[in-house]
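Visitor: Could you take me on a close look at one part of this model? I'd like to start with the cysteines and then wander along to whatever strands and helix you fancy.

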Amino acid sequence: MSAQPVLSVKQVMKKIGNQTIIRSLSFAIERGTVFGLIGENGAGKTTVLGMVCGLIAPTSGTIHVEGMPVSTMRKQVLRRIGALIEEPHFYKYLTGMEHMLYGSRLYGEITSDRIAEVLSLLKLEDFIHKKVGQYSLGMKKRLAIAQCLLHKPTLLILDEPTNGLDPGAMIEFREMIRSIASKFKLSVLISSHHLREIENICHQFGLLQNGTLTLLGANKSRYGDSVVFVIEAEDPGRAVELLEQQSYIFEPQRSADGKITFVMERSHYSSLLLLLSQAGVRSIQEKSFDLEEAYLQMTRKSEGGGG
């Protein structure tokens, strides 16, 4: 029996007046997974995050966090969520530690050891006793995320977290999110339109476009030995037919130029060679998942009226 996902969104729709903002949205996030919600500005990403947090009521559909319905158990759900929606705002004349202590009192029962653990993980110890007015934007975002982690949530929600960060701060942010997810076995939902940065952080991706969500694929770092292969064969039709019959091969697809892509673990490579000898394979290459390429393919398909 598979483990219960930390976040489950099923058939969610949101209408405002006569306008449908979100149409039949469904996805799930497993424990320890970093999920990237991508899309252009105005695509509805913040609306989705607001519904997950219980700040916005969906018109229909269900959202569960740790098996609890957001609609009827919002108070309990919020104990399991840490969220940073929009930009963080602080009192510039208070220190970082004063903000952390204020946050801990709001949650209640937050120990000094927990505060120290979070500060250490986010590398804030050297700055925590300085006034926040002296902080860079990157440091303010780190402090805001530290507050979000105080009560040991299982789901962290970040809305456009890399906006305004310089390249160095983006690299630090990427390493911080990876460290958080690994250390605390935390699931993370990130919205962004910065494709390259989100690709470097996330395990899975979904494109929000015209109110619908398309799962674009998985970063191979999440699935270890599973990678994307690209092959050319003398008989592409026969090759696709053979691939579809194998339980260890996933998502075989044939492109317009006759090349075939699919996902497979490297351990099955010898079996693959034997299989494809029946279709006259001409070349086999490994290909890393490319979020930008997948995004462009989906947006072009939409603009062309396909899909």
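Guide: Start at the sulfur of Cys148: the closest cysteine sulfur belongs to Cys53 and sits 9.4 Å away, too far for a bond. Keep in mind that this is a predicted model. A disulfide needs two cysteine sulfurs within 2.5 Å, and by that rule the count here is zero. As for surroundings, Cys148 counts as buried because its relative accessibility is 7%. Cys202 is buried too, with a relative accessible area of 1%.

Now hop over to the hairpin. Strands β12 and β13 form it, with five residues between them. In that turn, Gly258 has a positive phi of about 90 degrees. β12 covers residues 249-254 and runs antiparallel to β13, the two being joined by four bridges. One pairing to click on is Gln253, whose bridge partner in β13 is Thr261.

Thr261 also has a place in the side-chain pattern of β13, residues 260-265: it points to one face along with Val263 and Glu265, and these three are not buried. Ile260, Phe262 and Met264 point to the other face and are buried. That fits the general picture, since side chains in a regular strand alternate between the two faces of the sheet.

Last stop, helix α9, residues 269-276, where Leu272, Leu275 and Leu276 are buried. Looking down the axis of α9, the buried residues fall within an arc of 85 degrees, so they line one face of the helix. Turned away from that buried side is the face carrying Ser270 and Leu274, both exposed.

Definitions and conventions. Residues numbered from 1 in each chain as written. Predicted model: local features only at pLDDT ≥ 70, side-chain atom pairs only at ≥ 80, totals over all residues. Heavy atoms only, no water. Buried < 20%, exposed > 50% of the residue type's maximum accessible area, 1.4 Å probe, protein only. Pairing = 2+ DSSP bridges. Arc of directions from axis to C-beta.
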